[in-house]
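Trainee: Could you walk me through this model? I'd like to take it one question at a time.

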Amino acid sequence: MTRQRGFTLVELLVSVALLALMVTLLARLIASATNTIQIGQQRIDVDSQVRPLFERMALDFSQMVQRPDVDFYGKGTTAGGAMSGAALSTVNDRIAFYSGVPGDYSGAGSHSPVSVIAYKVNSSTGATNKDVYTRFQRMACGLLMNGDSSDVKNGPLVFGPTKISDIWTSVKSNATTDTKYEIASAQIFRFEYYYLLTNGSFSVVPWNAGIGHTDPLGLRDVAAIIVAVAAIDQTSRILLSSDNTQIATIAGKLPDYATTMGPGQLLAQWQSKLTSDATIKAMPRPAINGIRFYERAFYLKPTPL
């Protein structure tokens, strides 16, 4: 009679161990692939918000009214005031200008081809502002022709010495609410910009002080406005505090542009803050990994000499 030999206990244990190892490796491979796909989806999510916004800004800037008798409210100007600090209400920049793009017209009268365009990150706190707090906003207010309306606040076209900030006072503060502002990107929470001058240098004021200029005067010395933004996808954002105080803290940690910085150094310093700042490091790492930085130069029309 022939005896059939079965598996020994040692062989069974080795087989089980090998099977467990293969299952573990497979699980790690699937987890790694899932994580890679998730990161890719998060990047796509943010890219899909920032890219069209940049295209919108490119159009707004390309149609900017650049005349000596037309006001420009921006970083470095007297009206713009200082745009620096550590709080969300001061660290984010603001900008407003006249542009030949369609806007939201209100009231009756003859519509002009000019709108006032403004950008800022809202820093208004409170229950009524929770849906816009730390969100990037845009205002496009279509204007009426002079003499067609006595309602100055709601849209007459004003040239000459009149300041944009005197008519639309909300452009002067990130914390001032205004129904004319709409959310342009819920993902962007940090907005910074600086100027590329026609001589090739970078500046925090929109004129060339080296040749004695002290005012924008139709942005004659500005070749481009370079915009830098920080954005976070919605999946990563929900890992932070629901009242958005943590995202506001992160915004305050990202430094302003300084004239000592060369090309790309602003975003490099922002990235360094994410990995070195103790307060940020204490926040959920998956959320911090979801933050993306973008920078783009928006070239202006050459101004006549």
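Trainee: Which residues does isoleucine 225 touch, leaving out those up to four places away in sequence?
Mentor: Contact here means heavy atoms within 4.5 Å. Isoleucine 225 sits in strand S8, and helices (H or I, at least four residues) and strands (E, at least two) are DSSP runs, numbered from the N terminus. Leaving out residues up to four places away in sequence, isoleucine 225 touches Phe61, Met64, Ile95, Tyr193, Tyr194, Tyr195, Arg296, Ala297, Phe298 and Leu300.

Trainee: Before we go on, what sort of model is this, and what are its ground rules?
Mentor: Residues are numbered from 1 along each chain as its sequence is written, and side-chain values use heavy atoms, with hydrogens and water left out. Local features need pLDDT of at least 70 and side-chain atom pairs count only at pLDDT 80 or more, while totals for chains, interfaces and linings use all residues, because this is a predicted model.

Trainee: Is isoleucine 225 buried or exposed?
Mentor: Buried means under 20% relative accessible area, exposed over 50%, and partly exposed in between (1.4 Å probe, protein chains only). Isoleucine 225 has a relative accessible area of 0%, so the verdict is buried.

Trainee: Which strand gives the most to the largest nonpolar core?
Mentor: A nonpolar core is a set of buried Ala, Val, Leu, Ile, Met, Phe, Trp, Tyr and Cys residues joined through side-chain atoms within 4.5 Å. The largest one has 76 residues, and those with the most contacts inside it are Phe61, Trp168, Phe191, Ile225, Val227 and Ile250. With ten residues in this core, the strand that gives the most is S8 (residues 222-232).

Trainee: What are the edge strands of the open sheet that has S8 in it?
Mentor: Two strands pair if DSSP finds at least two bridges between them. The open sheet of four strands has the order S7-S6-S8-S9, with antiparallel pairing. Nine bridges join S8 to S9, and alanine 228 stands opposite glutamate 295 in S9. Each edge strand pairs on one side only, and they are S7 (202-203) and S9 (291-299).

Trainee: How many residues of strand S2 are buried?
Mentor: S2 covers residues 95-99. Ile95, Phe97 and Ser99 point one way from the strand, Ala96 and Tyr98 point the other way, and all are buried. S2 is mostly covered, and the count is five of five.

Trainee: Which residue in S2 is the bridge partner of phenylalanine 72?
Mentor: On one side, five bridges join S2 to strand S3 (residues 111-121), running antiparallel, and tyrosine 98 stands opposite valine 116 there. Two bridges join S2 to strand S1 (residues 72-73), again antiparallel. In S2, the partner of phenylalanine 72 is phenylalanine 97.Trainee: Which residue forms a salt bridge with arginine 138?
Mentor: A salt bridge is a side-chain nitrogen of Lys or Arg within 4 Å of a carboxyl oxygen of Asp or Glu, and by this rule the count comes to ten. Arginine 138 lies in strand S4 (residues 136-144) and its partner in helix H1 (residues 9-62), so the pair ties together parts that are 78 residues apart in sequence. Arginine 138 is buried, at 16% relative accessible area, and the partner counts as buried at 0%. With the closest N and O atoms 2.9 Å apart, the partner is aspartate 60.

Trainee: Which residues do salt bridges that share partners join into one network?
Mentor: Start with aspartate 93 and lysine 75, whose side chains meet in a salt bridge (3.2 Å, N to O). Both residues are buried. Salt bridges that share partners make one network of Lys75, Asp93, Arg190, Glu192 and Asp256.

Trainee: What is the N to O distance between arginine 67 and aspartate 69?
Mentor: Arginine 67 counts as partly exposed at 37% relative accessibility, and aspartate 69 counts as partly exposed at 32%. Their side chains meet in a salt bridge, N to O, at 2.6 Å.

Trainee: And for the whole chain, what percentage of the residues is buried?
Mentor: The chain has eight helices and nine strands. Residues 24 or more positions apart account for 73% of the contacts with a separation of 6 or more. Of the 305 residues, the buried share is 45%.
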